[in-house]
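I set out here what I looked up in one structure, with the cut-offs I applied.

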Amino acid sequence: MDRRKALFALAIILSCHACQLAYFIFNEAPNPSWDESWHLANTLYYRWRIFGGGEGYAQWTRKFPLFVHSFENYPHPNVFYFLCSLIPLEYDGILAVQMLFLSILVVSTYDIGRRLFDEDCGITAAFLVAAYPLTLNLTRRYLIDLPLAALVALDIYLLLRTDSFKNGRQTAYFVAVFAAGMLVKRTFAAFVVPALAYSILKVLAGGKSMQEKTTALAAAAFAALCIRLSPFYPQFLGFL
């Protein structure tokens, strides 16, 4: 399969998902579950902190009495909440942002398969990820699991694009997405660090140039710093 046909297939896959999500939003979207309500309340809290609205904190939190503890004990930034808080829509409309993360997941998976093997492998992997029942379910839920999967796939794709850390710009992109991923969910590092460790060991043991080794070690140091400075660090240690 050539590149043009592969991109056309990706467009069909994403278009099918966009159509089913639009139908779900306009015809079937139920009331959010408990976890979705918690994430939505946090998003609306972000929106209130960013844009205000003339209400005091005590007055605003009366709208969500069950989640007041979340607002007070969850003060650190979250990339997903921040992005969604910029969308001037409520629950049904905000669900559309999952299409963005699905696109990142599918395209990144395609590029990972293409770089490791060929176009056919890439498009097959993208189709399997998009067709997986859990993926379909997560596009219809206001949860952070799909953004987590999308950023993991994107970061591993960028890791491959560093070409064993020869490309400094792609390495910078990789560590930037790593930092963003650590501000989505604490388990992000558990999925990316093994691939990063393998790439670094491959560079150090493979007789690469000093520049490549230095770049690899710098990426490792920055990733370690992101984990240590992440507000999820205590929870991440508990996860391990």
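I looked first at the start of helix H11, where a side-chain oxygen of Asn 167 comes to within 3.1 Å of the backbone nitrogen of Arg 169. I count a polar contact as a pair of N or O atoms within 3.5 Å; within protein, one must be able to donate a hydrogen and the other to accept it, and residues adjacent in sequence count only if both atoms are side-chain atoms.

The model is predicted, so local features need pLDDT of at least 70 and side-chain atom pairs pLDDT 80 or more, whereas totals for chains, interfaces and linings use all residues. Residues are numbered from 1 along each chain as its sequence is written, and side-chain values use heavy atoms, leaving out hydrogens and water.

I then looked up the burial of H11 (buried: under 20% relative accessible area, 1.4 Å probe, protein chains only). Its buried residues are Gln 170, Thr 171, Phe 174, Val 175, Val 177, Phe 178, Gly 181 and Met 182. Down the helix axis they fall within an arc of 160°, so they line one face; the arc is taken from the directions from the axis to the C-beta atoms.

I searched the whole structure for aromatic pairs and found 5. Phe 174 and Phe 178 form a tilted one, with 6.3 Å between centres and 50° between planes. Ring centres must lie within 6.5 Å; planes under 30 degrees apart count as stacked, over 60 as edge-to-face and the rest as tilted. Phe 174 and Phe 178 are 4 residues apart in H11, so about one helical turn separates them. I noted a relative accessible area of 0% for Phe 174 and likewise 0% for Phe 178.

Terms used
Buried < 20%, exposed > 50% of the residue type's maximum accessible area, 1.4 Å probe, protein only. Helix = DSSP H or I, 4+ residues; strand = E, 2+ residues; numbered from the N terminus. Phe/Tyr/Trp six-rings, centres within 6.5 Å; stacked < 30°, edge-to-face > 60°.
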